[in-house]
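Hello,

Here is the structure I promised to pass on to you. Please open it alongside this email, and then read on for what turned up in it.

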Amino acid sequence: APGTMSGSGPEAPQPSDAAEVQLQEAEQDWAAAKAFYDNLVSKRPRPVNSPLTKTIVIKKRGTFHLFVDFRIFNLQALEHVNARLLELYPDDEERFDIVLMTNNHAQVGVRLINSINHYGLTIERFCMTGGKSPVGYLTAYLTNLYLSADSEKVQEAIEAGIASATMFTANKDVAYSDTQLRVAFDGDAVLFSDESEQIVKEQGLDRFFEHEQLNENKPLAQGPLKGFLEDLGKLQKKFYAKNERLNCPIRTFLVTARSAASSGARVLKTLRSWGLEIDEALFLAGAPKGPILVKIRPHIFFDDQMFHIEGAQKLGTIAAHVPYGIAQKYHKSA
């Protein structure tokens with residue numbers, strides 16, 4: 001009939017078919033772009049996209065004094081660990097990654113990049129939140145440790161179950177090793193829960209000693225930074241597997257106010273029950289921690305009590321306050 005057309009040509013795709021084709025094309029484009037990026041040859045190390053990566057997020061507050069902020073966790077030592085791991089395990093992605101977070105707007109990004117390049121630092125991941133809290137992004141980044149000068153954001157992250165600490169720079173310049181990462185931890189309310197510290201605060205030392213001896217073979221519950229010690233231990237074992245125990249570029253320290261004879265056994269047995277090793281354990285029996293830390297020269301020292309943080313600061317140790325446990329109640333009421 002006039003005005004009609006017939007033939008065997010292809011039918012026009014339906015709307016649902018068109019959307020599916022568009023999705024397939026987008027996936028192909030993404031796969032091609034990723035393959036191109038993965039195959040690029042560069043002498044500059046690139047961030048690793050792997051759940052095995054140990055991600056340390058450093059939150060910067062303000063736009064000045066950048067080097068002071070970056071210095072809070074010695075990046076040269078971290079990069080040395082990564083270089084050694086890459087040398088021993090060229091096909092393995094289990095190493096450190098640094099993410100710089102700031103609640104500044106993206107417009108300050110160029111200034112941050114210039115500062116990072118000026119100091120020769122390898123930080124490729126940025127998160128600039130434009131005034132919003134960055135804490136919501138920590139899970140997405142698979143964060144193993146969150147460091148910030150903002151105590152409120154650190155508290156928020158601790159409550160979300162992320163290992164976190166508020167950073168305090170040292171009052172003196174101290175030379176740190178660039179070839180061995182040294183990390184020092186307090187025990188109670190840092191690696192372990194604050195169970196025993198509650199007894200000290202509320203019932204006194206004698207009751208605490210009695211409690212620890214009665215429960216010597218009962219492991220302490222884990223504290224907020226147990227997972228980070230575990231991460232360091234996993235990396236150490238990779239060096240041990242290559243007969244590099246004596247030359248391991250990671251060293252861990254327990255620096256606790258506990259006394260060894262009366263309350264030290266439970267701590268060591270707890271670590272053993274977790275399958276974790278600590279390279280050096282120092283039981284100070286209430287003595288100040290600052291002078292010991294001067295000898296250790298850790299790149300960072302974690303403690304839950306501000307007077308230990310302040311003592312470490314005065315003698316040149318970069319310290320990190322872990323806002324967890326009963327000590328925070330006494331700190332706020334002081």
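Let me begin with a small puzzle: does A285 count as buried or exposed? This is a predicted model, so please read everything below with that in mind. At 55% relative accessibility, A285 counts as exposed, because the cut-off for that word is over 50%. You will find A285 in the loop between β8 (280-283) and α11 (290-296). Its backbone deserves a look too: A285 has a positive phi of about 50°, although it is not a glycine. As background, most residues other than glycine have a negative phi.

A second alanine makes a good companion to that one. A189 also has a positive phi, near 70°, and it is likewise a residue other than glycine. A189 sits in the loop that runs between β6 (181-185) and α7. Here the surroundings are of another kind: A189 is buried, with a relative accessible area of 0%.

Now for the overall picture. The protein has 334 residues, of which 46% count as buried. Its secondary structure comes to 13 helices and ten strands. If you take the contacts between residues at least 6 apart in sequence, 74% of them join residues at least 24 apart.

The helix I would show you next is α9, residues 226-240. It has 15 residues and reaches 21 Å from its first C-alpha to its last, close to the 21 Å expected at 1.5 Å a residue. It is mostly covered, with eleven of the 15 residues buried. Among the buried ones are K226, F228, D231, L235 and F239.

L232 is another residue of α9. Why is L232 called buried? Its relative accessible area is 0%, and buried means under 20%, so L232 falls on that side of the cut-off. Leaving aside residues up to four places away in sequence, L232 touches F96, L181, V183, F185, I250 and T252. T252 lies 20 residues from L232 along the chain, and the C-alpha atoms of the two are separated by 8.2 Å.

Which residues does α9 use to meet α3? To set the scene, the axes of α3 (residues 75-88) and α9 come within 11 Å and cross at roughly 45°. That angle makes α3 oblique to α9. The crossing of this pair is left-handed. On the α9 side the contact is made by L235, K238 and F239, and on the α3 side by V81, R84, L85 and L88. Sorted by character, the residues of this contact divide into five nonpolar, no polar and two charged.

Two more helix pairs are worth a visit, and α8 takes part in both. The first partner is α7. Helix α7 (residues 195-203) and helix α8 (residues 205-214) pack at an angle of about 150°, with their axes 7 Å apart. Angles over 145 degrees count as roughly antiparallel, and therefore α7 and α8 are roughly antiparallel to each other. In this pair, E195, S196, I199, V200 and Q203 of α7 meet L205, R207, F208, H211 and E212 of α8. The contact of α7 with α8 is made up of four nonpolar, three polar and three charged residues.

The other partner is α10 (residues 260-273), which packs against α8 at an angle of about 45°, with the axes 9 Å apart. These two helices are therefore oblique to each other, and their crossing is left-handed. From α8, the residues F208, F209, H211, E212 and Q213 meet S262, S263 and R266 in α10. This contact divides into two nonpolar, four polar and two charged residues.

One last stop is V294, which has its place in helix α11. With a relative accessible area of 33%, V294 is partly exposed. Not counting residues up to four places away in sequence, V294 touches L315 and T317. V174 is 120 residues from V294 along the chain, yet the C-alpha atoms of V294 and V174 are separated by 8.8 Å.

That is the tour. Enjoy looking around, and do write back with any questions.

Best wishes

Notes:
Residues numbered from 1 in each chain as written. Predicted model: local features only at pLDDT ≥ 70, side-chain atom pairs only at ≥ 80, totals over all residues. Heavy atoms only, no water. Axes fitted to C-alpha atoms, helices over the stretch in contact; angles between N-to-C directions. Helix = DSSP H or I, 4+ residues; strand = E, 2+ residues; numbered from the N terminus. Parallel < 35°, antiparallel > 145°, perpendicular 65-115°, else oblique. Left-handed = near helix turned anticlockwise from the far one by under 90°. Contact = heavy atoms within 4.5 Å. Nonpolar A, V, L, I, M, F, W, Y, C, P; charged D, E, K, R; others polar. Expected span 1.5 Å × (residues − 1). Buried < 20%, exposed > 50% of the residue type's maximum accessible area, 1.4 Å probe, protein only.
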